[in-house]
Amino acid sequence: MVFIPNGNYVPLFRNSNLDYLEHEVDSFYLDKYQVTNFDYLIFVLNNPFWDTLTKKDILVDDSYLNYWSNIDNFVIYADKPVVNVSWFSSDAFCNFYDSRLPSVDEWEYVGSVGAKTINGKSEPGYFNLLSLYINSSLNDISTVFDMPCNFFGACGIHFFLWEWVHDFNSVILINTDAEGGGLEELLYCGATSTNAIDPADYIAFLRFAFRNTLDANYTMIKLGFRCAKDK
């Protein structure tokens, strides 16, 4: 894990008073790398309940680890991020190792950091990360050890994969446009109307919109996770 110092970041959305309030994030520890297939295999061997043959549909959908059966040489995938895991299984993994999934605020705080500075938005190319999420396939994903690291030392934060967070469903995006023109209102914890602070940060908006589509048992080919721990 890497140590993440306490700090402030400006969230994507304003609060109900349309103020630009920074969110304070306490220091914590975060996995340097996304959890790999090898890591997850060790977890499954120690927790047979999460084996593909004993999985429960209420906790994972039909795509849970389905690509494992097609891996001819597991060694090639061992150090690549595990995908097709649900929130339930990811949470269970982290709990097994006395850790937890990071919160939205924690992940977004780390995600706002650049490669060389704490302010990622000031770095060239920060807003061009969208193509990495959209135009990649499982075969494009490198090992976690080959992924670039940011200023805090967390690697692969913005490369190829979405990541589960603990409170992924704490933000609800609602399309209030009768013409179907787009997502215009955001309710935080189901109560507070807000507006986007920085419309240029489309990749952050896309993350929130993506999380809004998830249920806790969903598994997807480009959705992985990493764990966090309190200081």
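Here are some exercises on this predicted model, each with a worked solution.

Before you start: residues are numbered from 1 along each chain as its sequence is written, and side-chain values use heavy atoms, with hydrogens and water left out. Since the model is predicted, local features need pLDDT of at least 70 and side-chain atom pairs count only at pLDDT 80 or more, while totals for chains, interfaces and linings use all residues.

**Exercise 1. Get an overview**

Find how many helices and strands the protein has, and what share of its residues is buried.

Solution.
- Step 1: Go through the elements and you get six helices and ten strands. Both are DSSP runs numbered from the N terminus: helices are H or I with at least four residues, strands are E with at least two.
- Step 2: Of the 231 residues, 49% are buried. Buried means under 20% relative accessible area, exposed means over 50%, and partly exposed is in between (1.4 Å probe, protein chains only).
- Step 3: The accessible surface comes to about 11,200 Å², and 54% of that belongs to carbon and sulfur atoms. Areas like this come from the Shrake-Rupley method with a 1.4 Å probe; for residues, only the protein chains shown count as cover.
- Step 4: Now take contacts between residues at least 6 apart in sequence: 74% of them join residues at least 24 apart. A contact means heavy atoms within 4.5 Å.

**Exercise 2. Build the sheet around β1**

Work out in which order the three strands of the open sheet lie, and which of them are the edge strands.

Solution.
- Step 1: Recall that strands of a sheet pair through backbone hydrogen bonds, either parallel or antiparallel.
- Step 2: The order here is β1-β4-β10, with antiparallel pairing. Two strands pair if DSSP finds at least two bridges between them.
- Step 3: β1 and β10 (228–230) each pair on one side only, which makes them the edge strands.
- Step 4: On average, neighbouring strands of this sheet are turned by 30 degrees against each other, direction ignored.
- Step 5: Zoom in on β1 and β4 (residues 28–30): three bridges join them, and Ile4 stands opposite Phe28 in β4.
- Step 6: Add helix α4 (residues 104–111), which lies across β1, β4 and β10 and runs at about 70 degrees to β4. For such angles, axes are lines fitted to C-alpha atoms (for helices over the stretch in contact), and values run from 0 to 180 degrees between N-to-C directions.

**Exercise 3. Check Phe3**

Decide whether Phe3 is buried, exposed or partly exposed.

Solution.
- Step 1: Locate Phe3 in strand β1 (residues 2–4).
- Step 2: Its relative accessibility is 38%, so Phe3 counts as partly exposed.
- Step 3: Together with Met1 and Tyr29, Phe3 makes a nonpolar surface patch of about 280 Å².

**Exercise 4. Look inside α4 and follow its salt bridges**

Find how many residues of α4 are buried, and which residue pairs with Glu108.

Solution.
- Step 1: Seven of the eight residues of α4 are buried, so the helix is largely enclosed by the rest of the structure. Among them are Trp107, Tyr109 and Val110.
- Step 2: Glu108 meets Arg211 in a salt bridge, 2.8 Å from N to O. A salt bridge is a side-chain nitrogen of Lys or Arg within 4 Å of a carboxyl oxygen of Asp or Glu.
- Step 3: Glu108 sits in α4 and Arg211 in helix α6 (residues 202–212), so this pair ties together parts that are 103 residues apart in sequence. Both Glu108 and Arg211 are buried.
- Step 4: Arg100 forms a salt bridge with Glu106, with the closest N and O atoms 2.9 Å apart. At 10% relative accessibility, Glu106 counts as buried.
- Step 5: The search of the whole structure finds six salt bridges.

**Exercise 5. Place Val144**

Find which residues Val144 touches, not counting residues up to four places away in sequence.

Solution.
- Step 1: Val144 is in the loop between α5 (130–134) and β5 (162–163).
- Step 2: With 2% relative accessibility, Val144 counts as buried.
- Step 3: Val144 touches Tyr33, Gln34, Thr36, Asp79, Lys80, Pro81 and Cys155.
- Step 4: Pro81 is 63 residues away from Val144 along the chain, yet their C-alpha atoms are separated by 6.4 Å.

Terms used: Patches are made of residues with over 30% relative accessible area and no salt bridge: like charges are joined within 9 Å, nonpolar side chains (Val, Leu, Ile, Met, Phe, Trp, Tyr) within 5 Å.
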